[in-house]
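Colleague: Please pick one residue in this model and take a close look at it and its surroundings, at a pace that suits a first-year student. I would like one connected account, with each technical word explained when it first appears.

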Amino acid sequence: MQRNPAGGHRGTAPLDFRAAMPHTTADQAGGRHQMTRIDAKFESLRAEGRKAFVAYVMAGDPTYETSLEIVRGLPGAGVDIIELGLPFTDPMADGATIQLAGQRALEAGQTLEKTLELVRALRESDDTTPVVMMGYYNPIYSRGVDRFLADAREAGVDGLIIVDLPPEEDDELCIPAQAAGLNFIRLATPTTDDARLPRVLQNTSGFVYYVSITGITGAASARATDVGPEVARIKAATDIPVIVGFGIKTPESAEAIASVADGAVVGSAIVEKIAAGQPVDDVLAFVRSLADGAHR
């Protein structure tokens with residue numbers, strides 16, 4: 001498939017994404033690295049000797065308004081990077097907790113457009129906290145890759161985790177996203193062996209997301225003794241930060257996992273609090289406890 005340097009898709013005319021990238025420092029499509037909010041965050045964390053805490057919430061769960069209130073409160077609760085779920089009808093990598101969150105969001109009217117609106121609303125008061133959109137390719141494909149990337153950049157999205165696009169499909173979205181100035185974050189798992197790892201890392205940027213368990217989100221608990229050697233193996237092959245997610249549910253487990261990686265991601269445990277109808281302040285207090293654990 002032929003593709004223009006700015007990420008033109010399926011024969012469309014090139015888009016000038018660089019005009020919409022005020023915080024990038026160079027043109028990756030021209031072979032140089034672009035500084036993104038994610039890169040800047042890790043630079044500042046390294047300078048402070050701290051690990052990253054990443055919090056996942058589903059956009060629009062349980063409503064757009066409540067979701068926006070939570071997202072706006074995450075940085076103040078110690079969150080370094082916001083991972084924003086894009087609701088989808090067939091979330092095959094997710095356990096029941098995240099699946100139900102997506103269903104609640106969809107039933108409340110959440111769409112890809114409203115998810116971009118949520119990021120725009122966050123950017124009205126916060127232009128520094130990185131936002132990573134996590135989800136599946138179908139909604140992006142339906143919107144059109146070029147249009148989605150332009151809209152995502154304009155809204156203030158910094159990176160993408162698209163769990164059903166393997167490295168063999170990099171021309172589909174990964175390469176255009178990188179050219180558009182967005183980090184494309186790849187998942188590595190316990191089954192990613194040494195033969196597969198270079199392919200996984202090839203076009204990854206921002207950070208590597210190491211899935212600590214074999215299975216779906218929320219299915220088991222992560223153990224630092226298992227995770228540590230795997231993180232070391234990945235770090236021996238790349239200088240990109242390695243963040244660990246899946247199975248981290250408590251401040252203690254966040255601390256343990258962050259001690260053997262560059263940071264920790266918590267999703268299902270936070271979403272469970274939202275599903276239980278806890279007040280936003282209580283949800284954010286729980287997030288703060290997790291962030292404090294990861295930052296110890």
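Modeller: In this predicted model, the side chains of R186 and D170 are joined by a polar contact of 2.4 Å, where a polar contact is a pair of N or O atoms within 3.5 Å, and within protein one atom must be able to donate a hydrogen and the other to accept it, while residues adjacent in sequence count only if both atoms are side-chain atoms. Local features need pLDDT of at least 70 and side-chain atom pairs pLDDT 80 or more, whereas totals for chains, interfaces and linings use all residues. Residues are numbered from 1 along each chain as its sequence is written, and side-chain values use heavy atoms, with hydrogens and water left out.

R186 sits in the loop between strand 5 (183-184) and strand 6 (187-188); helices (H or I, at least four residues) and strands (E, at least two) are DSSP runs, numbered from the N terminus. Is R186 buried or exposed? R186 counts as buried because its relative accessibility is 5%, and buried means under 20% relative accessible area, exposed over 50% and partly exposed in between (1.4 Å probe, protein chains only). Leaving out residues up to four places away in sequence, R186 touches L165, P166, P167, D170, C174, V200, T204, F207, V208 and Y209, where a contact means heavy atoms within 4.5 Å. D170, the partner in the polar contact, is therefore one neighbour in a longer list for this buried residue.

Two of the residues that R186 touches, V208 and Y209, belong to strand 7 (residues 208-211). In strand 7, V208 and Y210 point one way, Y209 and V211 point the other way, and all of them are buried. This fits a general pattern: in a regular strand the side chains alternate between the two faces of the sheet. Strand 7 pairs with strand 6 in the parallel sense over two bridges, and two strands are said to pair if DSSP finds at least two bridges between them. Within that pairing, A188 has Y210 of strand 7 as its bridge partner. Strand 7 also pairs with strand 8 (residues 242-245), again in the parallel sense, over four bridges, and here V208 stands opposite V242.

Beyond strand 8, the loop leading to helix 10 (251-258) contains F246. F246 has a positive phi, near 80°, although F246 is not a glycine. Most residues other than glycine have a negative phi, and most peptide bonds are trans. F246 is buried as well, because its relative accessible area is 10%.

On the other side of the loop that holds R186, strand 5 pairs with strand 4 (159-162) in the parallel sense over two bridges, and in this pairing L160 has F184 of strand 5 as its bridge partner. From strand 4, G159 and I161 point one way and L160 and I162 the other way, and all are buried. Strand 4 is joined in turn to strand 3 (131-135) by four bridges, and the two run parallel, with V132 and G159 as bridge partners.

Helix 7 (174-179) also comes into this picture, since R186 touches C174. Helix 7 contains Q178, which counts as buried because its relative accessibility is 5%. Q178 and S205 are 27 residues apart in sequence, and their C-alpha atoms are 8.2 Å apart in space.

Helix 7 and strands 3 and 4 are among the elements that cover the buried residues of helix 6, together with helix 4 (112-123) and helix 5 (137-143). Helix 6 (residues 145-155) is largely enclosed by the rest of the structure, because eight of its eleven residues are buried. Those buried residues are V145, D146, F148, L149, D151, A152, R153 and A155. Just after helix 6, G156 takes a positive phi of about 110°.

To place this part in the whole, the protein chain has twelve helices and nine strands, and 56% of its 296 residues count as buried. Among the contacts in the chain with a separation of 6 or more, 72% come from residues 24 or more positions apart.
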